[in-house]
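User: I'd like to go through this model with you before I get back to the bench. Can we start with the sheet and then move on to other parts?

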Amino acid sequence: MAPKLSLSSTIPLPNSKYSIPRLGFGIYQSPPDVCVNSCLTALRAGYRHIDSAQFYRNESEMGEAVRQSGIPRSEVFLTTKILSAGGSPEKSYAKCLDSVKAIDPSENGYVDLFLIHSPSAGAAKRKEMWQALEKLVEEKKARSIGVSNFGIGHINEMKEYAKIWPPQVNQIELHPWNQQREIVNYCRDHNIVIEAYCPLVRNKMAHEENLLAISKKHNKTTGQILIRYCLQKDWVPLPKSDTPSRIESNADVYDFELDEEDMTKLDSLDQGEKGAIVQAVRND
């Protein structure tokens, strides 16, 4: 029988001595003046994993919240992402180093996970950014590295130049209406940890009848059902909110389980690429 999930549950990262907390806190579109308080609320609620990006413009606020919280840096898993290549591996490395310093300005500052945000810049720039991330690992400025929105072809292509392969994480849009089974199965086959962004579908499906029925059955919010679904699929969900009560309730998902009937019903809602609200990956 699988061990019971809890807020402190983690997943081992491949080819690494480190693990990633199974629930993360997303801070996309969290304004700087709000972000520190939202992160502090999340940390008080028990989250130990926060996900930022250069594109979000709130990396320093994430780091500031950890310092204000009084929780040791080593106990909080912090992620960011490089948005665009700098023009050479060295210039991309410098951009990444700026992020590390913004998040953790201590002498031995680091991030736990650094991702390439998107594959859209093309093969040459993907290579440049990955080589920059590999240098971060060599220089102990990142403990783990991975990708986001990468399809099968993008990840296979990396074998030609990567010193670190497979990427330790692939962060993609995942929820019942966009299950991306082809890339999910590929990642599982290659021991790549799967992170789920937009697990709450930005509340766009909160009134869907099947979801509402399961919510009522368990006396849980629709958001709690969607997060629990991700956890039981072995994805790492990254729910986002700036509302303190929702931040707390999104972490209150460990006193119930979805049964086989619930999971089958949610699995049946997949709409493929049409169900994506941001993007589905390209697997060619």
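User: In what sense do strands β4 and β5 pair, and over how many bridges?

Analyst: Bearing in mind that this is a predicted model, β4 (residues 49-51) and β5 (residues 77-82) pair in the parallel sense, over three bridges. One residue to look at there is His49, whose bridge partner in β5 is Phe77.

User: And what order do the strands of the open sheet have?

Analyst: The open sheet has eight strands in the order β3-β4-β5-β6-β7-β8-β9-β10, with parallel pairing. Because β3 (25-26) and β10 (236-237) stand at the edges with a single partner strand each, one side of each is left without a neighbour in the sheet.

User: Switching to helix α10, which of its residues are buried?

Analyst: In α10 (residues 260-267) the buried residues are Asp262, Met263 and Leu266. Seen down the helix axis they fall within an arc of 95 degrees, so they line one face of α10, whereas Glu260 and Glu261, on the other side, are exposed.

User: What do the buried ones pack against?

Analyst: The buried residues of α10 pack against α7 (209-218) and α8 (222-232). At the start of α10, moreover, a side-chain oxygen of Asp259 reaches to within 3.1 Å of the backbone nitrogen of Glu261.

User: Last topic, charges over rings: which ring does Arg73 lie over?

Analyst: Arg73 lies over the face of Tyr110, at 4.1 Å from the ring centre, and the charged end of Lys135 sits over the ring of Tyr93, 4.4 Å from its centre.

Technical notes: Residues numbered from 1 in each chain as written. Predicted model: local features only at pLDDT ≥ 70, side-chain atom pairs only at ≥ 80, totals over all residues. Heavy atoms only, no water. Buried < 20%, exposed > 50% of the residue type's maximum accessible area, 1.4 Å probe, protein only. Helix = DSSP H or I, 4+ residues; strand = E, 2+ residues; numbered from the N terminus. Arc of directions from axis to C-beta. Contact = heavy atoms within 4.5 Å. Polar contact = N/O pair within 3.5 Å; in protein donor to acceptor, adjacent residues only side chain to side chain. Pairing = 2+ DSSP bridges. Lys NZ or Arg CZ within 6 Å of the ring centre and 35° of its normal.
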